[in-house]
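Visitor: I am new to this. Please show me the model, and let me ask how each label is earned.

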4 protein chains.
Amino acid sequence: MPAETATTHGYTATKDQLLKRLKRVEGQVRGIQGMVDDDRYCIDILTQISAVQAALDKVALGLVDEHTRHCVMGAEGEEREEKTEELMAAVARLMRRG
Amino acid sequence: MPAETATTHGYTATKDQLLKRLKRVEGQVRGIQGMVDDDRYCIDILTQISAVQAALDKVALGLVDEHTRHCVMGAEGEEREEKTEELMAAVARLMRRG
Amino acid sequence: MPAETATTHGYTATKDQLLKRLKRVEGQVRGIQGMVDDDRYCIDILTQISAVQAALDKVALGLVDEHTRHCVMGAEGEEREEKTEELMAAVARLMRRG
Amino acid sequence: MPAETATTHGYTATKDQLLKRLKRVEGQVRGIQGMVDDDRYCIDILTQISAVQAALDKVALGLVDEHTRHCVMGAEGEEREEKTEELMAAVARLMRRG
């Protein structure tokens with residue numbers, strides 16, 4: 001992960017940024033539990049779920065960025081080949097959602 | 001939401017089932033925070049995020065099912081028209097993830 | 001499908017509108033073949049593929065809308081139950097893309 | 001693009017393989033037009049659209065693989081930085097479908 005003080009751009013995320021986003025997602029998921037418990041209108045709950053999925057996608061893209069820049073590019077030969085395959089399989093799973 | 005004791009099939013989910021799934025998602029998100037904190041391998045963390053996305057999709061489908069069966073079909077005329085539009089907008093957001 | 005002259009709103013689409021969108025998608029796919037043949041820059045080709053997927057999603061939403069309004073709501077009892085399950089399975093496939 | 005005779009693995013695709021897949025997608029889209037024209041059951045048409053989406057995903061992954069292995073890894077310094085950003089933006093669009 002880039003240093004805390006690094007100015008990140010695009011999809012790059014520091015460890016601290018990823019942890020903050022995940023903490024927020026955790027709170028959003030608890031909020032959705034509350035909405036279900038209170039029998040809130042389905043559509044409003046679905047809107048929150050879509051927001052959580054978009055937030056998780058952003059975390060995922062930060063990790064894909066990290067893996068590409070450091071794990072893949074930091075490796076050579078057979079190891080780089082392997083890490084590229086892992087990258088592609090991860091992107092495929094994210095596109096297919098599971 | 002169908003009664004707790006209702007035998008559900010397909011995508012229908014009882015309130016209790018939705019809450020259990022959301023509780024599990026909350027735990028998974030905390031688990032992902034731990035993996036990031038421990039600098040675990042990006043690909044392993046991405047695998048967990050894809051699992052959370054799939055679990056959230058299942059919760060969302062339960063709510064889409066609920067909205068279709070009760071809110072849309074329980075309404076008539078203009079109100080049914082409105083709730084159908086809301087259903088379609090929710091499905092579009094889920095397909096586009098955000 | 002709603003009559004050709006029907007004013008559609010939201011996701012509802014007439015048969016003619018669906019056919020026009022699909023014709024355009026067909027042309028876009030041929031265009032992508034040309035870009036691959038000409039060894040155009042991967043990112044530009046990927047941008048076109050994302051545009052085709054968004055267009056196909058729009059066609060799909062038109063059909064989900066059609067199925068909900070006519071097939072599901074036009075049926076009763078056991079048949080409506082069956083068509084609702086089919087609707088949910090189709091939405092799940094679209095969310096998971098395949 | 002890897003040579004025609006190259007044994008590809010994982011997501012890597014030769015130019016010829018990409019063109020064949022795209023040709024098949026073109027035929028599938030024409031097939032869907034026929035189904036709409038014949039007023040075939042919406043759910044059956046939706047099943048075909050999901051199949052086309054999955055096929056397009058496969059083409060896209062082949063191009064992401066190509067871009068990663070050749071454009072990104074073949075570049076250095078500022079150019080590699082730029083091509084990595086382009087890769088991430090393309091992956092984000094594919095995840096969001098448009």
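Guide: Start with one helix. B:Glu26 and B:Lys23 are three residues apart in helix α1 of chain B, so about one helical turn separates them. A helix here is a DSSP run (H or I, at least four residues; strands are E, at least two), numbered from the N terminus. This is a predicted model: local features need pLDDT of at least 70, side-chain atom pairs count only at pLDDT 80 or more, and totals for chains, interfaces and linings use all residues. Residues are numbered from 1 along each chain as its sequence is written, chains are lettered from A and ligands numbered from 1 in the order in which they are written, and side-chain values use heavy atoms, leaving out hydrogens and water.

Visitor: What makes B:Glu26 and B:Lys23 a salt bridge?

Guide: The rule asks for a side-chain nitrogen of Lys or Arg within 4 Å of a carboxyl oxygen of Asp or Glu. The N to O distance for B:Glu26 and B:Lys23 is 3.2 Å. That is within 4 Å, so the pair counts. Side chains of opposite charge can pair when their charged atoms come close.

Visitor: Why is B:Glu26 called buried?

Guide: Buried means under 20% relative accessible area, exposed over 50%, and partly exposed in between (1.4 Å probe, protein chains only). B:Glu26 has 3%, so it is buried. B:Lys23 has 48%, so it is partly exposed.

Visitor: How do you know that A:Glu26 and B:Arg30 join two chains?

Guide: Their side chains meet in a salt bridge, at 2.8 Å from N to O. A:Glu26 lies in helix α1 of chain A and B:Arg30 in helix α1 of chain B, so the pair joins the two chains. A:Glu26 is buried at 3%. B:Arg30, at 38%, is partly exposed.

Visitor: What makes D:Lys15 and C:Asp39 a salt bridge?

Guide: Their closest N and O atoms are 3.2 Å apart, which is within the 4 Å limit, so the name fits. The pair crosses between chains, from helix α1 of chain D to the loop between α1 and α2 of chain C. D:Lys15 has 17% relative accessibility, so it counts as buried. Elsewhere, salt bridges that share partners join A:Lys23, A:Glu26, A:Arg30, B:Lys23, B:Glu26 and B:Arg30 into one network. Over all chains, the structure holds 36 salt bridges.

Visitor: Why is the pair of D:Lys15 and C:Asp39 also called a polar contact?

Guide: A polar contact is a pair of N or O atoms within 3.5 Å; within protein, one must be able to donate a hydrogen and the other to accept it, and residues adjacent in sequence count only if both atoms are side-chain atoms. The side chains of D:Lys15 and C:Asp39 are at 3.2 Å, so the distance passes.

Visitor: What is unusual about the phi of C:Asp39?

Guide: Most residues other than glycine have a negative phi. C:Asp39 is not glycine, yet its phi is positive, near 55°. B:Asp39 also has a positive phi, of about 55°. B:Asp39 sits in the loop between α1 and α2 of chain B.

Visitor: How many residues does each side give to the contact between chain A and chain B?

Guide: Chain A gives 44 and chain B gives 44. Contact means heavy atoms within 4.5 Å. About 4,100 Å² is buried between these chains, 67% of it on carbon and sulfur atoms. Buried area is the accessible area (1.4 Å probe) that two parts lose on being put together, summed over both. Four salt bridges link chain A and chain B.

Visitor: And what does chain C bury with chain B?

Guide: About 2,100 Å², with 70% from carbon and sulfur atoms. On the chain C side, C:Met73, C:Met88 and C:Met95 lose the most area, together 31% of what that side buries.

Visitor: How do you know that helix α3 of chain D is close to its expected span?

Guide: The expected span is 1.5 Å times one less than the number of residues. Helix α3 of chain D has 20 residues, for which 28 Å is expected. From first C-alpha to last, that helix reaches 29 Å, close to the expected value. Its buried residues include D:Leu87 and D:Met88.
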